[in-house]
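Visitor: I am new to this structure and would like to be walked through some of its parts, one question at a time.

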Amino acid sequence: MNSGTGSDPAVGDARPATSDATEAKLSALIGRISTHLDQGALLIGADVGDGYRSDATDERGPRPALVLRPRHTADVSLILSTCNDLGQPLVIQGGRTGLSGGARPREGEVSLSLERMTHLESVDQRAGTIVAEAGVTMQSVQEAAEEAGFLFGVDIGARGSCTVGGNIATNAGGIRVLRYGMYRAQVLGLETVLPDGSVLSSLKGLPKDNSGYDLNQSFIGSEGTLGVVTKACLRLHPLPPLQVNALCVLPSLAAAQALLTRLRQELGPLLSAFEVIFPEVYAGVAAGGFATPPLPVGAGLYALVEIQGQDKSENHERFAATLMSAVEAGLVDDVVVSQSPRDYRGLWALREACSAFIFSMDRMVGFDVSIPLARMQDFLADAAVRLLAIDSSARPYVFGHLGDGNLHYMVRTDRDEDIADAVFAVVAETGGAISAEHGIGLDKKKWLPLVRSASEIAAMRRMKRAFDPNLILNPGRVFDMETEAAGKATR
């Protein structure tokens, strides 16, 4: 869950987070590491900007009394080992584009920002890989790959500011999971620093390596709670000469699901994206001037479909013919296919404008959920009924990645918590997940037991204890440890 817009917190909330981490502990930390780091590595007190108080959500945490900004893996190792010795908790920050509060500081935490770790190696042409430090933006990876004749398989709207480290920590998804998989599928190796300062380096980039446990997988999607990723070896894909998209007008969600099935069967791996925009969002984008839709408002549903291929002529004709057969079959009411790079960019701009429209409204609560395709209509129907039972003025706005079952389900309401309880309950009842790609962070851990068993959460806690026995890395994110949970129960 994340709020769309809101008022600024009171000035008093911006105080440095030093109530739990005493001045003596901070002084000891600074004294032990400052002589080993360059001048720009430490921001203290008034030098700590307001941006370090949160991620992309509206809620702000206390201002960290200290921000540590390493340049190299060795710096991170020194910082973590020292904080581990002192028992100093850290909040790990990257591009701060997250939507679950994972990078929002809590009282007593010091910030570890990887924003200066921005080295990007040259593409390995033979292996089809690239090694990037944690602070490199997704867009930088994409551009380096394209210049070398490759494509990076993950793309999201925050590409210009989200970073490799954060993408790995949340196992980012985006628009092309249908073809290339989640961020996990792009990772061939990691360099990770454990809380005690130990460095695990596995950057060989080998597609096959069954030499013992694959420790890399433990850190992908762990939201910075087990270790700090400092570098990654990323898989690249051949750059497709053909990229074509189309906007389809459909009568219903059922028709969209049938179209997805047809395209999968007839186009196979050419199909790279299948996005849906529900009519309320499409109309809002058009009315607000966030983009210029090529087809009129008022339809039951809109789908943005993309193919990527190696044969420009044959693949394009095949795509157009498949869409026309869908029109003839009654699945699609109208369709426009991109005929130029400008058309192609324009249709994707329409999809990205959905977020701009949503963020332009106040009182929005957002949910990033995964729903089995067979239960998606049930989810939408049941959620709508429960929303109105709680708040008769509540209105859902929906768009997202139908190809992988991930919906961005947004609700305009003043009853945030009650609505969240209802939406997540329906998600659980329909066999879904409360977080598809944004992570759990601080904001959604309350609802984790709805979709993870007590045994699963207990196993997660054991992993946390094993990797981070002193609980210094992103404490309180994803789930509370046993002692924290017991303390809350008695209050």
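What follows is a conversation about helix packing, nonpolar cores and a few single residues.

Visitor: Before we begin, what kind of model is this?
Guide: What is shown here should be read with its origin in mind, and that applies to each of the answers below. The model is predicted.

Visitor: How are helices H11 and H12 oriented to each other?
Guide: Helix H11 covers residues 376–390 and helix H12 covers residues 416–429, and their axes lie 9 Å apart at an angle of about 155°. Angles over 145 degrees count as roughly antiparallel. H11 and H12 are therefore roughly antiparallel to each other.

Visitor: How many charged residues does the contact of H11 with H12 have?
Guide: On the H11 side the contact includes Phe-379, Asp-382 and Arg-386, while Asp-418 and Glu-429 are among the residues that meet them from H12. Sorted by class, this contact has 10 nonpolar residues and no polar ones, and the number of charged residues is 4.

Visitor: How is H8 placed relative to H10?
Guide: The axes of helix H8, residues 279–288, and helix H10, residues 341–359, come within 9 Å and cross at roughly 90°. Since angles of 65 to 115 degrees count as roughly perpendicular, the placement of H8 relative to H10 is roughly perpendicular.

Visitor: Which residues of H10 make the contact with H8?
Guide: By class, the contact of H8 with H10 has 7 nonpolar, 1 polar and 1 charged residues. From H8 come Glu-280, Val-281, Tyr-282, Gly-284 and Val-285, and from H10 come Leu-350, Ala-353, Cys-354 and Phe-357.

Visitor: Which helix gives the most to the largest nonpolar core?
Guide: The largest nonpolar core has 57 residues, and those with the most contacts inside it include Leu-250, Phe-274 and Phe-379. With 7 residues, the helix that gives the most to this core is H7.

Visitor: How many residues are in the second, separate core?
Guide: This second core is separate from the one just described, and Ala-132, Val-136, Cys-162 and Val-187 are included in it. Its number of residues is 27.

Visitor: Is Arg-264 buried, partly exposed or exposed?
Guide: Arg-264 has its place in helix H7, and, leaving aside neighbours within four places in sequence, Arg-264 is in contact with Leu-178, Leu-271, Leu-373 and Gly-403. Its relative accessible area is 38%, and a value between 20% and 50% falls in the middle class. Arg-264 is therefore partly exposed.

Visitor: What sign does phi have in Arg-96, and where is that residue found?
Guide: Phi of Arg-96 is near 55°, which is a positive value in a residue other than glycine. With a relative accessible area of 22%, Arg-96 is partly exposed. Its phi is positive, and Arg-96 is found in the loop between strand E4 and strand E5.

Visitor: Is Val-478 buried or exposed?
Guide: Val-478 is found in the loop between helix H13 and helix H14, and it has a positive phi of about 75° although it is not a glycine. Buried means under 20% relative accessible area. With a value of 11%, Val-478 is therefore buried.

Visitor: Which residues does Ser-222 touch, not counting those up to four places away in sequence?
Guide: Ser-222 lies in the loop between helix H6 and strand E10, and with a relative accessible area of 10% Ser-222 is buried. Apart from residues up to four places away in sequence, Ser-222 touches Ala-169 and Val-478.

Terms used
Residues are numbered from 1 along each chain as its sequence is written. This is a predicted model: local features need pLDDT of at least 70, side-chain atom pairs count only at pLDDT 80 or more; totals for chains, interfaces and linings use all residues. Side-chain values use heavy atoms; hydrogens and water are left out. Axes are lines fitted to C-alpha atoms, for helices over the stretch in contact, and angles run from 0 to 180 degrees between N-to-C directions. Helices (H or I, at least four residues) and strands (E, at least two) are DSSP runs, numbered from the N terminus. Angles under 35 degrees count as roughly parallel, over 145 as roughly antiparallel, 65 to 115 as roughly perpendicular and the rest as oblique. Contact means heavy atoms within 4.5 Å. Ala, Val, Leu, Ile, Met, Phe, Trp, Tyr, Cys and Pro count as nonpolar, Asp, Glu, Lys and Arg as charged, and the others, Gly among them, as polar. Buried means under 20% relative accessible area, exposed over 50%, partly exposed in between (1.4 Å probe, protein chains only). A nonpolar core is a set of buried Ala, Val, Leu, Ile, Met, Phe, Trp, Tyr and Cys residues joined through side-chain atoms within 4.5 Å.
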